[in-house]
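Student: I have a new structure to look at. Could you show me how to read it?

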Amino acid sequence: MIVEATLGFGGNLGDPVAAFAAALSRLRAHAAVEVKAVSSVWRTAPWGKLDQPEFRNMAVLIETTLPAEDLLSLCLAIERESGRERRERWGPRTLDIDILTYGGQTIDRPGLQIPHPRIAERAFVMAPLAEIAPGITIGERSVADLLAVIASQDVNRDEDGTRRLHSVSPAQSA
């Protein structure tokens, strides 16, 4: 069965745009994943732990035949390949990949919660997601409606980062 899913990418160590491009290449190379749309890169203030560099974030719309647990395993493997080390909650990272939505399903298991917890509170997730999938619903509301409630000036499109990403990973970019 083919499932439409959305992923959120984030990072603030090293070169997040290069990490995003490498992650997209890895996703595109996987036989069970088809990348359908890629958002712009967004600059965002840190969330949760404020004494760290600003983040770059983006969203990706995919179709996959992987079960949610296997998609999570793939995302974690890509994070590890990028040098991700989990030292502190909300701390700095080279690459973070979250499963934001998975075919409209609600999943609540240890280690896997979909839709991603607190998704509707985070403009840094909603802004790039609204760019590529404004009609997806979280609970009873569309991504576009949720973003309108929490839109923040701390989240801005990174035109240079977006150009760099699309120059090295041009296929299916928004």
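Tutor: We will go through some features of this structure in turn.

Student: What kind of model is this?

Tutor: This is a predicted model.

Student: How many helices and strands are there in the protein chain?

Tutor: The chain holds 5 helices and 10 strands. Of its 174 residues, 51% count as buried. The accessible surface comes to about 8400 Å², and 51% of that area belongs to carbon and sulfur atoms.

Student: How do I read contacts along the sequence? Among contacts between residues at least 6 apart, what percentage join residues at least 24 apart?

Tutor: The figure is 69% for this chain. Ala21 serves as a case, and its place is in helix 1, residues 16-29. Ala21 lies 145 residues from His166 in sequence, yet the two C-alpha atoms are 8.4 Å apart in space. Leaving aside residues up to four places away in sequence, Ala21 touches Leu165, Val168 and Ser169.

Student: Why does Ala21 count as buried?

Tutor: The test is relative accessible area, and buried means under 20%. Ala21 has a value of 8%, so it counts as buried.

Student: Can the idea be taken from one residue to a whole strand? Which residues make up strand 4, and how many of them are buried?

Tutor: Strand 4 covers residues 55-64, and 9 of its 10 residues are buried, so the strand is largely enclosed by the rest of the structure.

Student: Which way does strand 4 run relative to strand 1, parallel or antiparallel?

Tutor: Strand 1, residues 3-11, pairs with strand 4 in the antiparallel sense over 9 bridges. In strand 4, Met58 is opposite Phe9. Strand 2, residues 33-38, is also antiparallel to strand 4, with 5 bridges. There Leu61 of strand 4 is the bridge partner of Ala37. Strand 3, residues 42-44, runs antiparallel to strand 4 as well and is joined to it by 3 bridges. Here Arg43 faces Arg56 of strand 4.

Student: How many bridges join strand 1 and strand 5?

Tutor: These two strands pair over 6 bridges, again in the antiparallel sense. Gly10 is opposite Asp96 of strand 5. In strand 5, 6 of the 7 residues are buried, so this strand too is largely enclosed by the rest of the structure.

Student: How should I read a helix? Which residues of helix 2 are buried?

Tutor: Begin with the general idea. An α-helix has 3.6 residues a turn, so residues three or four places apart point the same way. In helix 2 the buried residues are Ala68, Leu71, Leu72, Leu74, Cys75, Ala77, Ile78 and Glu79. Helix 2 spans residues 68-81, 14 in number, and reaches 20 Å from its first C-alpha to its last, close to the 20 Å expected.

Student: Next, a peptide bond. Is the one from Ile114 to Pro115 cis or trans?

Tutor: The bond is cis, with omega near -5°. Pro115 sits in the loop between strand 7 (112-114) and helix 3 (123-132).

Student: Last, the second largest pocket. How many residues line it, and which lie nearest its centre?

Tutor: The lining has 15 residues, with Thr101, Gly104, Gln105, Ile136 and Thr137 nearest the centre. Strand 1, strand 5 (96-102) and strand 8 (137-138) are the elements that give two or more residues to this lining. Strand 1 gives the most, with 3 residues. The space in the second largest pocket is about 170 Å³.

Methods: Residues numbered from 1 in each chain as written. Predicted model: local features only at pLDDT ≥ 70, side-chain atom pairs only at ≥ 80, totals over all residues. Heavy atoms only, no water. Helix = DSSP H or I, 4+ residues; strand = E, 2+ residues; numbered from the N terminus. Buried < 20%, exposed > 50% of the residue type's maximum accessible area, 1.4 Å probe, protein only. Contact = heavy atoms within 4.5 Å. Areas by Shrake-Rupley, 256 points an atom, 1.4 Å probe, with all protein chains shown as cover. Pairing = 2+ DSSP bridges. Expected span 1.5 Å × (residues − 1). 1 Å grid on protein atoms, 1.4 Å probe; cavity = no way out; pocket = protein on both sides within 12 Å on 5 of 7 lines; lining within 4 Å. Points joined across faces, edges and corners; volume = space filled by probe spheres on them.
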